[in-house]
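Student: I should like to discuss how the terms used for a structural model are justified. May we begin with the model itself?

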Amino acid sequence: GVEPELPPCPLSHPLCELTGAQMDNWVYMIPVAGKGLMTTDSPIFVDMDLATLHTTGIHPWSPMPSWIKPFHAPSIGCAHPVLRPGTESTWVEILMELPLTPFSKPL
């Protein structure tokens, strides 16, 4: 678990834990397009400048991948993507999606 324990999500924002506050810190870095992408067990990746090792913000996934269904959102990822055999820059990541609940704030 997390120490100290995370507070529960408020009723007005039941998906608060989907915005990046997970149990792991940034676990793994993969090189993509001249920068690093820091991974954890969430669907959020953080960009890292490889020259300075400074983080530069949340990596934008735009547009949303076409396999994410309407009214669904990515909810959890894998902190250890693997390089696709026979490629130099295609990474395979496991990601779970879930339906959004009514009245929730967008991610």
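**Strand pairing and burial**

Tutor: In this predicted model, four strands form an open sheet in the order β1-β2-β3-β4, and their pairing is antiparallel.

Student: What makes β1 and β4 edge strands?

Tutor: β1 (28-32) and β4 (55-58) each have a single partner strand, so one side of each lacks a neighbour in the sheet. Direction ignored, neighbouring strands of this sheet are turned by 30 degrees against each other on average.

Student: How do you know that β3 and β4 pair?

Tutor: Pairing requires at least two bridges between two strands. Strand β3 (residues 46-48) and β4 have three bridges, in the antiparallel sense; therefore the two strands count as paired. On the level of residues, Met48 has Thr55 in β4 as its bridge partner.

Student: Which elements make up the protein chain from the N terminus on?

Tutor: The elements run β-β-β-β-β-β-β-β. The protein chain thus has eight strands and zero helices.

Student: What share of the residues in the protein chain is called buried, and why is that word used?

Tutor: Buried residues account for 25% of the 107 residues in the protein chain. The word is used because the relative accessible area of such a residue is under 20%.

Student: What share of the accessible surface of the protein chain belongs to carbon and sulfur atoms?

Tutor: Of about 7700 Å² of accessible surface, 64% belongs to carbon and sulfur atoms.

Student: How many of the contacts between residues at least 6 apart in sequence join residues at least 24 apart?

Tutor: The share of such contacts in the protein chain is 37%.

Technical notes: Residues numbered from 1 in each chain as written. Predicted model: local features only at pLDDT ≥ 70, side-chain atom pairs only at ≥ 80, totals over all residues. Heavy atoms only, no water. Axes fitted to C-alpha atoms, helices over the stretch in contact; angles between N-to-C directions. Buried < 20%, exposed > 50% of the residue type's maximum accessible area, 1.4 Å probe, protein only. Contact = heavy atoms within 4.5 Å. Areas by Shrake-Rupley, 256 points an atom, 1.4 Å probe, with all protein chains shown as cover.
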